[in-house]
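Q: Could you take me through one of the chains in this model in some detail, and then show me how its partner meets it? I would like one connected account, please.

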Amino acid sequence: MRKLLKNEGVQAFIASILCILAGLLIGFIVLLCINPQGAGESILDIIKNFFTWSRPASQLKQFGNTLAKAMPLVLCSLSILFAYKVGLFNIGAAGQYVAGACASLYAALAWGWGWLPCMLLAMAAAALLGAIIGILKAYCNVNEVISGIMLNWIALYTTNAVLTHVKEQASPYTLYLSKENPSALLPTLGLENLFSGNKNVTIAVPLAILAAVLVWIILSKTRLGYELKATGNNRNAARYAGMAENRNIILTLVISAALAGLGASLLYQTGYMRWECTQSSVPTMGFNGIAAAFLGGLHPIGAIFSSFFIQHITDGGQYVNTTFYSPQISDVISSVIIYLCSFVLFIKLAMRRMLAQKDEKKGAK
Amino acid sequence: MLLLIQYTLIFASVLLLVALGGCISEHSGVINLGLEGIMVVGALGGALVMRSLATSSALVMVLVAMLAAALAGMLYSCLLGVAAIHLKADQTLVGTAMNLLATAAATVFVKAMNTAANPDKPSSEIEYVYARKLFVVNINGFEFNWFMPVAILAVVLVYIFLYKSRLGLRLMACGEHPQAAASVGINVFKMRWIGVLISGLLGGLGGLCYILAGVSIWKFENGVAGFGFLALAVMIFGQWKPARIAVSALLFGLFRALSNTYTGFPFLVSLNLPGNVYNMMPYIVCLIVLAFTSRASLAPKAEGIPYDPGTR
């Protein structure tokens, strides 16, 4: 038991579970403060999400919807964690995600491209934004958080302007992909049969898992990953050891951004969501990616599970009793979780100290 | 033209207040990326007061609303203080969490309040038409806002605090070399708390100023549109010095004001650019300016590094 507790991975897992529990508890307290009557029921609805439906078939269908939205989140959290492992905080992932949405939707609707070229273009567009942040960071010493936020807003307004050309006449939403250009929809590979015919479950699921595995391999098994992490740890030491530190910084942000762009393509090319051209705030997907990345213990495989969890409670927020509460309660819970995740290091340290003290006592006896 | 000056001054006041907050916090050694969230909470605090003080004199209204915003901001900044000063958390992450939390919590709160008042209208908006009239004085079409002199006063006070007072000089020492400061008996934890709390105060005021800038109804779902980060850019462009921050706030305020008023200039309208371009302008200018000014940065040396009394 004690040996198990000393394991780094187990410690991270315990810390994440603690964060989740505390986050849910605080969410519950907030609900209680607003209205004590329905609080217990509503927090259960958030946790249950699609299980609130009674028929198994509709449960499966809603499960498919959550899964479809969780996959882009996996990519966003991979984007964040990839950069973070290299010592960069890519808050610009939100904007890179927007750029990806812009490129894939425009290529699909205006030029009638197939799904793969659209996806690649989304990655390229996002990577371009990442490269700007990287170049500014490497050559001009601009803090990547601030340039990232600025680019988020620039990307949002550009996307609104560009996608206005392919929007419906009567509404601010872009045209239906399924009507205009079905070839841009991601293939489902028969996956929809597993989810009571939910066509939103597509090749995105295996692709996202593949991406997570790839990121894991790159970071922990390759020379490139080693060099990137070394640059993140100490830029000057990396240069001294003969690594091209500027190139590494830019490359990191390009890869990280391409992941976020892929995430957007995995959502918008399922046809599940359409872009609203009058949107006045950056979509929260990229920011939720931060929560998922840290909740997953900054491990690519952990990110898959934590992303699903975050999306699960975000969707669960739709089921709260809206006569008293608003769905944004889920955002409160996930942001509390992010806040608590910043103490993970502290929790781990406390656990280690406790174990060491016990060992010492044992030794004294 | 008058409108452009008016909007430039009011947006500059917002940026100035918030940037000064960030400046003091960073001089004490804590990077405050949660300013955006602090602004939202400050705005909420002020808006609640403005709503409940339906009939009161201008003086009471202005003072109480400002006080509420400042207090709300300070209270919220404690989240950063606890995490960054005592628990040695990653300050970037804490700030981000605070920004997300503020918008989400404010939305939930305002919606709950509005639903309680009228179950058919679950909106996240607060209206303060009457209160806004008390904050502005109309001089021949120019809307003078009481926040303008407050912002100027803030620059002077912050300058005196940082460079002429004993407390301020000690606070700055903690951002440059906390171990050295501690070795001569300065309490680094206390100084950093003062820095964080003042940034909360100024950030909260800035938030209230932002929602009073042009409208008299605010939708809390929207947050403050990256203004907290623009303020940080203003601070960097101002090289962490109050007077320079004031000048750069004016510059950024001008570009933000253009997006509100470009339709009033025949020259700009004739360019026939889409409105989105003007919306983007402040952010683009910010990137360009940062590219040229960040290299020779005069940032406090120990900012962002949790203080550990054990290291020398």
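A: Happily! In this predicted model, chain B is built from 13 helices and four strands. Its radius of gyration is 20 Å, close to the 20 Å that the globule rule gives for 312 residues, so chain B is as compact as a globular protein of that length. Measured out along the principal axes, its C-alpha atoms fill a box of roughly 60 × 50 × 35 Å. Of the 312 residues in chain B, 55% are buried. Contacts across the sequence matter for the picture too: among those in chain B with a separation of 6 or more, 80% are between residues 24 or more positions apart.

For a closer view, let us go to helix α11 of chain B, which runs over residues 242–261. This helix has 20 residues and reaches 28 Å from its first C-alpha to its last, close to the 28 Å expected at 1.5 Å a residue. The buried residues of α11(B) include B:Pro242, B:Ile245, B:Ala246 and B:Ser248 towards the beginning of the list, and B:Ala249, B:Phe252, B:Gly253, B:Arg256 and B:Ala257 are buried as well. Among the elements of chain B that cover them are α1 (2–28), α6 (147–164), α10 (227–237) and α13 (275–293).

Another spot to look at is B:His86, which lies in helix α3 (residues 58–86) of chain B. B:His86 counts as partly exposed because it has 14 C-beta neighbours inside 10 Å. From B:His86 to B:Cys23 is 63 residues in sequence and 21 Å in space, C-alpha to C-alpha.

Now for the partner. Chain A has 16 helices and zero strands. Its radius of gyration is 22 Å, which agrees with the value near 21 Å that a compact globule of 365 residues would have. The C-alpha trace of chain A spans about 80 × 60 × 40 Å along its principal axes, and 56% of its 365 residues count as buried.

Where the two chains meet, 40 residues of chain A are in contact with 42 residues of chain B. On the chain A side, α2 (8–34), α6 (115–140), α7 (144–163), α13 (285–295) and α15 (329–341) each supply at least two residues. The largest share, 10 residues, comes from α7(A). By residue type, this side of chain A divides into 28 nonpolar, 11 polar and one charged.

Key. Residues are numbered from 1 along each chain as its sequence is written. Chains are lettered from A and ligands numbered from 1 in the order in which they are written. This is a predicted model: local features need pLDDT of at least 70, side-chain atom pairs count only at pLDDT 80 or more; totals for chains, interfaces and linings use all residues. The radius of gyration is taken over C-alpha atoms; the globule rule is 2.2 Å times the number of residues to the power 0.38. A residue is buried if 20 or more other C-beta atoms lie within 10 Å of its own, exposed if 12 or fewer, and partly exposed in between; C-beta atoms are placed from the backbone. Two residues are in contact if their C-beta atoms, placed from the backbone, lie within 7 Å. Ala, Val, Leu, Ile, Met, Phe, Trp, Tyr, Cys and Pro count as nonpolar, Asp, Glu, Lys and Arg as charged, and the others, Gly among them, as polar. The expected span of a helix is 1.5 Å times one less than its number of residues.
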